[in-house]
Amino acid sequence: MKKGSLWSWFWVALGAIYLLLPLTGTFIFSLRAKKDTLSFVAYQNAFSDPKFLESFGFSVLMALLTIIVSLLITVPTAYWVQLRLPRLRPVVELLTLLPFVIPAVVLVFGLIRIYSRPPLALTGSSFTSNILLIAGYTVLSLPYMYRAVDNGLRTIDIRTLTEAAQSLGAGWPTIILQVIFPNLRGALLSGAFLTFAIVIGELVLAAFLARPAFGPYLALLGQNRAYEPAALAIVSFALTWACVGLIQFLGRGKTDRDRGLAGPG
Amino acid sequence: MTFLELTNIRKDFGPVTAVDAFNLQVTGGEFISFLGPSGCGKTTTLRMIAGFEKPTAGQIKIGNNDVTFAPPNQRNIGMVFQSYALFPNMTVAGNIGFGLKIAGTPQNDIKQRVDEMLALIHLPNFGDRYPYQLSGGQQQRVALARALAIRPQLLLLDEPLSALDAKIRLELRSEIRRIQQELGITTIYVTHDQEEALSLSDRIVVMNKGKVEQVGTPFEIYNYPQTQFVASFVGMLNQLHCTVANAAQGVLLYQNQPINTGAALAYADGTAVNVLLRPEELHFGNGHGDNQLTGRIETVSFLGATVRVQLNIGDTTLTMDVQNERQLELPRAGQTQVVSFPPHACWVMSHNGSGQ
């Protein structure tokens, strides 16, 4: 092996150790629930808690609804900005990056302040609180979803595809549903999985809006138990890696980039 | 009978006028090319005919309908783009049938029409392939089939061959013309490649800086250019700065040497004019016409079928194209050479650019 690649492997190994050591530690710790042996008891306990399924199921539902709302907002917006309002693009990009700048706790306090009293009292019931939660999640995931959609749109020449469809007699709904959406499949899935990962692990919004989500459940568990939170932390990691793996898988080979974007040069 | 009519079309983008005073009448079934350099307004005009841009002033009529402000999806036009613009998520058959599907055509009719189109473009078994599986030339043929499948009243092509390599370009060029003549469809073709325009068109509209310079058949454009721009843009050109010596007899003076143009001139004696000569009208030796010039050969380029010679005759360098023959003795640089040309090869143009 050449000296150069030996060094590369060294740094990769160092980075891997840095990341994997704490994880390994957590994993081993999660196996020690039963005294003096390694077992999956902590995992069994965690999964057998009815609240686990309840909170996880709730978060999954919120994630799916957030994805749908987010798609319905970002895809037409990004499409219209790219097609007709290119000068607005920097403004819109800045807007979508704001959630990075504003901490979630500020966001949720803002939501509570505005929506906890008439005429917009939405914090009173579960149903309306869930709406607030989805709205908050949509904002949190906006940078990722918008970036994914925007990048997806840039890799296809939407202006020419739109004009081609129009010259063949298509109206706007047909263009968006039959030309734009199908060609953004990979980008939309990437955005969706990122949103999913964010919502599943999110704590602040759910806690302050008092919703029975997975994040607060994990936090509560961490205050009372030792091994089960470690087990669930590993499960969280595994889930996130699965999402990322899926994005990777969908991002290579026969997807948008290799498939139809065979235009000239 | 006029099928497409553009009257006084103007297009402004803010303070910039991209197209001005554009007038054109196209007969049904005609193949018209818009030819000009980048930025001359040819694509903008095409896009106005398609409906993707709205004219600032003027009127566009297709058939007898005023479509000036009609949206593009209501004009029944077929458009072929430089970047093919095939829908990546649909098969070739799906692409070709797209317009018919939107129009609500029954499934069987769509299949029949798609098969017809595939046969027309000589790609009969390609229906199930996706665009990414096709070469550039094949993609452009599918794009053409897609545009024609809906039986449009007008076919618009925006530099469709620019992205293809030279050999494919030649093949596809004749394919396009063959299909256009077979279907008899009125066609507007935008290009900056003069060879394409000259070989394909019934008439050419030469444009420069948003204005029409000349409209005519390829032969007229090449041999009887009406403006300086058309003369120098289309084909190679030699220019001699002359003065009119005897207008009635068509005699000019080039550096105290008489040039006989063979016909009376509509300029006063003493006017400064340019004589335009095409490279292929100049010949070696003194046996090819009254007019003779002597010069020193600067370069000789063997291009295959043509030998291109640069000849320095004093205040200017002439470009000559001599047809290749196997027994041709190639001239050498530095040699003195006499060239001659007949009177009818002279195209006289005034200094401000109008020709006769």
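## The largest nonpolar core

Of the 147 residues that make up the largest nonpolar core (buried Ala, Val, Leu, Ile, Met, Phe, Trp, Tyr and Cys residues joined through C-beta atoms within 7 Å), those touching the most other members are Val149(A), Ala143(B), Ala145(B), Leu156(B), Val205(B), Val206(B) and Val275(B). The greatest contribution to this core, 12 residues, comes from helix H6 (residues 126–155) of chain A, helices being DSSP runs of H or I with at least four residues, numbered from the N terminus. A residue is buried if 20 or more other C-beta atoms, placed from the backbone, lie within 10 Å of its own.

This is a predicted model, in which local features need pLDDT of at least 70 and side-chain atom pairs count only at pLDDT 80 or more, while totals for chains, interfaces and linings use all residues. Residues are numbered from 1 along each chain as its sequence is written, and chains are lettered from A in the order in which they are written.

## Packing of H7(A) and H8(A)

Helix H7 (residues 158–167) of chain A packs with helix H8 (residues 172–183) of chain A at an angle of about 130°, their axes lying 11 Å apart. H7(A) is therefore oblique to H8(A), a class for angles that are not under 35 degrees, over 145 or from 65 to 115.

Ile158(A), Leu161(A), Thr162(A) and Ala165(A) of H7(A) meet Ile175(A), Val179(A) and Ile180(A) of H8(A), with contact taken as C-beta atoms within 7 Å.

## The contact between chains

The contact involves 24 residues from chain A and 25 residues from chain B. On the side of chain A that touches chain B, H7(A) supplies the largest share, six residues.

Definitions and conventions. Buried ≥ 20, exposed ≤ 12 C-beta atoms within 10 Å, placed from the backbone. Helix = DSSP H or I, 4+ residues; strand = E, 2+ residues; numbered from the N terminus. Axes fitted to C-alpha atoms, helices over the stretch in contact; angles between N-to-C directions. Contact = placed C-beta atoms within 7 Å.
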